[in-house]
Amino acid sequence: MPVRLEIKVQPRASRDALEIDAAGKLRLRLRAPAVEGEANRAAMRFLADHFGVAPSRVKLLRGSSSRHKVFEIEGVDPEEARRRLPG
């Protein structure tokens, strides 16, 4: 069963990091700029690495041109995914 995550992506950050913001929502800081899909590709690579799956197992479902995105990650157990989330 794939895991779906709603994440606010912040491009052009000083470092790459997955965090919980003040409102308790997931935020992904990326050094990549939001130009020609670079931040989207960087987000998918980051999530694949973070959850230990191949990049092809991460899909962007919604929000390709928005900072608010929904990603689907296949091949990771939902319980394991929860353990790997920050906070």
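## Starting point: Asn40

Asn40 lies in helix α1. The model is a predicted one. Asn40 is buried, because its relative accessible area is 12% and the cut-off for buried is under 20%.

What does Asn40 touch beyond its neighbours within four places in sequence? Its contacts there are Leu60, Ser64 and Lys69. The side chain of Asn40 also reaches the backbone oxygen of Ser64, at 2.9 Å. Lys69 sits 29 residues away from Asn40 along the chain, yet their C-alpha atoms are separated by 9.2 Å.

## Helix α1

Helix α1 covers residues 38-51. How far apart are its end C-alpha atoms? They are 20 Å apart. That agrees with expectation, because 14 residues at 1.5 Å a residue should span 20 Å. Just after the helix comes Gly52, with a positive phi near 70°.

Asn40 has company among the buried residues of α1. The others are Ala39, Ala42, Ala43, Phe46, Leu47, Ala48 and Phe51. Which elements do the buried residues of α1 pack against? They pack against the strands β1, β2, β3, β4 and β5, and against helix α2 (78-84).

## The β4-β5 hairpin

Two of the contacts of Asn40 lead to this part of the chain: Leu60 and Lys69. Strand β4 takes in residues 58-62, and strand β5 takes in residues 68-73. The two pair in the antiparallel sense, over 4 bridges. One pair of bridge partners is Lys59 and Glu72, the latter in β5.

β4 and β5 form a hairpin, with 5 residues between them. Gly63 is in the turn and has a positive phi of about 95°.

## The sheet

Strands of a sheet pair through backbone hydrogen bonds, in either a parallel or an antiparallel way. Here, 5 strands make an open sheet with mixed pairing. Their order is β2-β3-β1-β5-β4. Which strands are at the edges? They are β2 (17-20) and β4, each of which pairs on one side only. From one strand to the next, the twist averages 40°.

The parallel case is seen in β1 and β3. Strand β1 runs over residues 3-10 and strand β3 over residues 26-29, and 4 bridges join them. Lys8 has Arg27 of β3 as its bridge partner.

## The whole chain

How many helices and strands does the protein chain have? It has 2 helices and 5 strands. Along the sequence they follow the pattern β-β-β-α-β-β-α.

The radius of gyration of the protein chain is 12 Å. This agrees with a compact globule, because one of 87 residues would have a value near 12 Å. The C-alpha trace spans about 30 × 30 × 20 Å along its principal axes.

Buried residues make up 36% of the 87 residues. Among contacts with a separation of 6 or more, 40% come from residues 24 or more positions apart. Asn40 and Lys69 are in contact, and they are 29 residues apart along the chain.

Key: Residues are numbered from 1 along each chain as its sequence is written. This is a predicted model: local features need pLDDT of at least 70, side-chain atom pairs count only at pLDDT 80 or more; totals for chains, interfaces and linings use all residues. Side-chain values use heavy atoms; hydrogens and water are left out. Two strands pair if DSSP finds at least two bridges between them. Axes are lines fitted to C-alpha atoms, for helices over the stretch in contact, and angles run from 0 to 180 degrees between N-to-C directions. The expected span of a helix is 1.5 Å times one less than its number of residues. Buried means under 20% relative accessible area, exposed over 50%, partly exposed in between (1.4 Å probe, protein chains only). Contact means heavy atoms within 4.5 Å. A polar contact is a pair of N or O atoms within 3.5 Å; within protein, one must be able to donate a hydrogen and the other to accept it, and residues adjacent in sequence count only if both atoms are side-chain atoms. The radius of gyration is taken over C-alpha atoms; the globule rule is 2.2 Å times the number of residues to the power 0.38.
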